Amino acid sequence: MERPQKMPKVAKVKNKAPAEIQITAEQLLREAKERDLEILPPPPKQKISDPEELADYQHRKRRAFEDGIRKNRSVISNWIKYAQWEESQKEVPRARSIYERALDVDHRNITLWLKYTELEMRNRQVNHARNLWDRAVTILPRANQFWYKYTYMEEMLGNIAGARQVFDRWMEWEPDEQAWLTYIKFELRYKEIDRARKIYERFVYVHPDVKNWIKYARFEENHGFISGARKVYERAVEFFGEETLDEKLFIAFAKFEEGQREHDRARVIYKYALDNIPKEYAQELYKNYTIHEKKYGDRTGIEDVIVSKRKFQYEEEVKSNPNNYDAWFDYLRLVESEGNPEQIRETYERAIANVPPTKEKQFWRRYIYLWINYALWEELTAEDEERTRQVYRACIQLIPHRTFTFTKVWLLYAHFEIRFKNLLAARKTLGMALGMCPKDKLFRGYIDLEIQLREFDRCRTLYEKFLEFGPENCITWMRFAELEMLLGDTDRARAIYELAVSQPRLDMPELLWKAFIDFESGLGEFERARLLYERLLERTLHVKVWMSYAQFEMSCAEAGEDEELTEEEAADRTSQAVALARRVYERANTSLRSTKDKEERVLLLEAWRNFEETHGDDVSLEKVKQKMPRRIKRRQRVQAEDGTEEGWEEFFDYIFPEDESAKPNLKLLANAKMWKKKMQEISSDDSPKEGEGDEKDEASERDDAAKGDSDTSVSSSSEEDSEEEKGQEGTVLQGEADPPAGPGPGPGLELQQQQQRPQSQSQGRRRPPEDGPPGRGEEQGRVR
């Protein structure tokens with residue numbers, strides 16, 4: 001049996017971590033080269049001593065070269081090495097034969113032709129070299145290197161005519177720009193200016209670039225042909241036409257004229273270029289034009305340059321964003337300053353063509369002024385009535401009146417027609433405006449127009465239509481009444497006011513009532529005005545109405561000073577007015593006590609106090625001062641919308657003495673609480689039994705106090721403690737009037753603390769009385 005072959009054991013790598021020093025293949029090769037491990041020693045030098053050894057050496061080398069060529073005929077380097085070796089052996093015919101054999105293999109190899117011709121030129125075989133160059137340029141006419149070498153050889157040999165013929169043959173193939181410039185330089189070396197000019201003529205048409213035309217013009221300029229250079233520039237401008245103009249050509253042309261001190265010509269060239277070249281391709285042109293004008297121009301020229309530059313900037317802005325109406329306004333203002341009507345109209349037409357994309361008025365507010373400015377320019381500057389009318393009509397047709405309108409446009413159009421004595425068209429326009437899109441400004445503008453025309457019947461009709469459109473507009477009622485007043489018809493004015501105040505809905509009724517009262521006061525109808533105040537107070541009890549009523553009563557007395565009265569009559573009238581005004585203040589104070597707005601009440605009392613200081617005596621003034629409230633600071637909790645507590649806030653509250661007098665038990669209970677504190681101090685020194693008795697007395701006192709009037713009683717001691725835990729306690733600040741005197745310092749302090757609690761909380765914890773409110777005598781007896 002054959003034994004099974006044993007598989008060799010695979011060595012287990014214990015340490016699989018990478019080595020600290022990594023070695024690459026490149027590193028191995030580099031080290032081998034550095035140590036010269038693969039360099040063979042050079043062959044020994046061989047010295048040939050007789051012809052036989054030379055023949056043997058040549059035979060071996062030729063055989064080696066032939067073998068290499070036979071192995072790979074397409075490797076041209078083997079052929080070149082073979083031919084160069086034959087040349088080193090002075091075997092030029094053999095080398096020529098090898099090059100010919102190589103050309104049969106690859107006749108398009110430029111290196112092979114160059115080596116072959118260099119061989120002939122090194123051995124001074126000029127005709128052979130010419131023949132080779134002819135063959136090379138015939139086979140490879142696009143190889144510029146052959147032409148350069150060929151012309152250079154002929155020029156070095158002094159065969160100028162032959163070199164020129166070679167150049168002519170070369171130019172027939174229309175080579176690149178450098179070949180033409182080489183030919184021109186060749187002619188210039190031999191002072192052949194006319195030939196060089198003819199070459200330039202052919203060159204600029206074969207390669208029609210701006211830089212080549214500029215080179216042609218500078219050639220003429222450098223050789224003193226100024227008129228010829230100018231003609232070249234002019235031909236270049238005509239050649240490129242208006243569609244393919246380049247700023248470099250005009251800059252070179254203008255600098256040429258500037259060098260010849262033809263500054264007017266240069267200026268004309270710059271302006272022509274700026275008018276015909278697109279603005280985005282004329283940056284350098286603007287720059288050079290500005291420099292030219294600063295050097296040689298006057299102030300007008302410099303301004304023209306600046307205007308042109310700004311026009312270019314505005315053109316860029318409106319192209320990037322056609323709806324940038326601010327840029328259009330600036331651009332139009334600049335164009336209008338130039339005074340070219342056709343250009344101004346064209347710019348306006350371009351501007352108004354950019355209609356806002358959406359029908360929202362906020363996007364049309366700036367746009368509509370383009371139309372307005374256009375119409376005003378046509379009317380005032382161009383003085384073209386028909387075009388102005390067309391602009392207004394086109395603008396009105398463009399505006400979406402069902403969505404929004406512009407009153408200014410309608411009114412401007414109407415005033416324009418009136419200035420040209422076309423009243424019927426103006427009225428027709430405004431009537432159409434009121435029918436399509438009635439607005440307050442439109443009504444007012446139409447009414448003002450008719451007032452200026454003294455058409456008062458039309459004004460009345462328009463006011464009637466206006467009030468039908470917006471009966472809640474108080475300003476319209478007031479102006480209608482003022483119009484009737486101007487016309488002297490007080491009855492109609494009073495009727496208008498009566499209609500106005502009887503409207504169920506008004507936007508500013510206070511102004512209307514004030515105007516109505518002033519109207520009656522101005523006519524001297526004080527009784528009517530007083531009745532109006534009474535009617536107004538039936539609708540509202542606002543503090544300003546009461547104050548105005550009181551001032552009105554005083555103004556009635558002042559109005560009578562113009563009449564011729566005796567001193568006694570004047571004093572009686574003044575005293576009556578003061579009494580009436582004081583009565584108004586008293587009524588106001590009484591009515592405002594029922595409201596919860598303490599600020600208005602304070603405002604009224606301050607006005608009343610000022611009134612008494614001016615017109616009253618000490619007694620009346622003291623009565624008002626006793627009514628002045630005290631201001632205290634309170635704290636209350638702040639709750640968020642979701643019901644969570646956000647903290648505390650402080651606010652000012654007012655305590656009025658009249659409100660305190662309406663609560664007679666308040667001071668009594670404050671004294672009772674003071675007595676309770678004193679009893680607690682005594683109980684700390686007495687026996688426990690006496691303390692128990694005190695506690696019972698205190699409990700009975702609390703029960704009696706709880707049975708008091710719910711409107712005048714304050715919280716019990718237990719409720720007071722709970723309120724103090726909540727933190728709702730007040731601090732008495734400096735009042736506006738002295739607080740009422742109490743029986744002692746203790747009860748007065750307790751009274752202030754009781755007043756500082758919020759009224760809503762104290763009333764929320766009161767218990768209703770069981771047997772009705774006790775009498776004042778009973779409460780005092782109980783406290784004693």
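This tour moves through a predicted model, stop by stop, with a selection to make at each one.

**The whole chain**

Begin with the complete chain, coloured by secondary structure. It holds 40 helices and three strands. Of its 784 residues, 38% are buried. When contacts between residues at least 6 apart in sequence are considered, 54% of them connect residues at least 24 apart.

**Asn109, between H4 and H5**

Next, select Asn109, which sits in the loop between helix H4 (92–105) and helix H5 (110–122). Is this residue buried or exposed? Its relative accessibility is 18%, so Asn109 counts as buried, the cut-off being under 20%. Display its side chain together with the backbone of Leu112: the Asn109 side chain reaches the backbone nitrogen of Leu112 at 3.2 Å.

**Lys191, between H9 and H10**

Proceed to Lys191, in the loop between helix H9 (177–189) and helix H10 (193–206). Most residues other than glycine have a negative phi. Lys191, although not a glycine, has a positive phi of about 60°. This lysine is exposed, with a relative accessible area of 69%.

**The second largest pocket**

Now display the second largest pocket, whose volume is about 540 Å³. Its lining comprises 22 residues; to find the centre, select Asp275, Lys279, Lys311, Glu338 and Gln343, which lie nearest to it. The elements that each give two or more residues to this lining are helix H14 (263–276), helix H15 (283–296), helix H16 (299–320), helix H17 (325–338) and helix H18 (341–352). Which helix provides the largest share of the lining? That helix is H16, with seven residues. Colouring the lining by residue class will show ten charged, eight nonpolar and four polar residues.

**Gln362, in H19**

Select Gln362 in helix H19 (residues 361–364). Gln362 is exposed, at a relative accessible area of 54%. Add Glu360 to the view: the side chains of Gln362 and Glu360 are joined by a polar contact of 3.1 Å.

**Glu378, in H20**

Move on to Glu378, which belongs to helix H20. With a relative accessibility of 0%, Glu378 counts as buried. Two arginine side chains should be shown with it. The side chain of Arg345 makes a polar contact of 2.9 Å with that of Glu378, and the side chain of Arg387 makes one of 3.3 Å. Beyond neighbours within four places in sequence, Glu378 is in contact with Arg345, Glu383, Asp384, Arg387, Thr388 and Val391.

**Glu383, between H20 and H21**

One of those contacts of Glu378 is Glu383, and it makes a convenient next selection. Glu383 lies in the loop between H20 and H21. Its phi is near 55°, a positive value in a residue other than glycine. In contrast to the buried Glu378, Glu383 counts as exposed, at 65% relative accessibility.

**Helix H22**

Finish at helix H22 (residues 407–419). Does its length fit its residue count, and what span should one expect? At 1.5 Å a residue, its 13 residues should span 18 Å, and the end C-alpha atoms are 18 Å apart, so the two agree. Select the buried residues of H22: Thr407, Val409, Trp410, Leu411, Tyr413, Ala414, Phe416 and Glu417. These pack against helix H20 (368–381), helix H21 (385–398), helix H23 (423–436) and helix H24 (440–452). The last selection is Lys421, just after H22, which takes a positive phi of about 60°.

Technical notes:
Residues numbered from 1 in each chain as written. Predicted model: local features only at pLDDT ≥ 70, side-chain atom pairs only at ≥ 80, totals over all residues. Heavy atoms only, no water. Helix = DSSP H or I, 4+ residues; strand = E, 2+ residues; numbered from the N terminus. Buried < 20%, exposed > 50% of the residue type's maximum accessible area, 1.4 Å probe, protein only. Polar contact = N/O pair within 3.5 Å; in protein donor to acceptor, adjacent residues only side chain to side chain. 1 Å grid on protein atoms, 1.4 Å probe; cavity = no way out; pocket = protein on both sides within 12 Å on 5 of 7 lines; lining within 4 Å. Points joined across faces, edges and corners; volume = space filled by probe spheres on them. Nonpolar A, V, L, I, M, F, W, Y, C, P; charged D, E, K, R; others polar. Expected span 1.5 Å × (residues − 1). Contact = heavy atoms within 4.5 Å.
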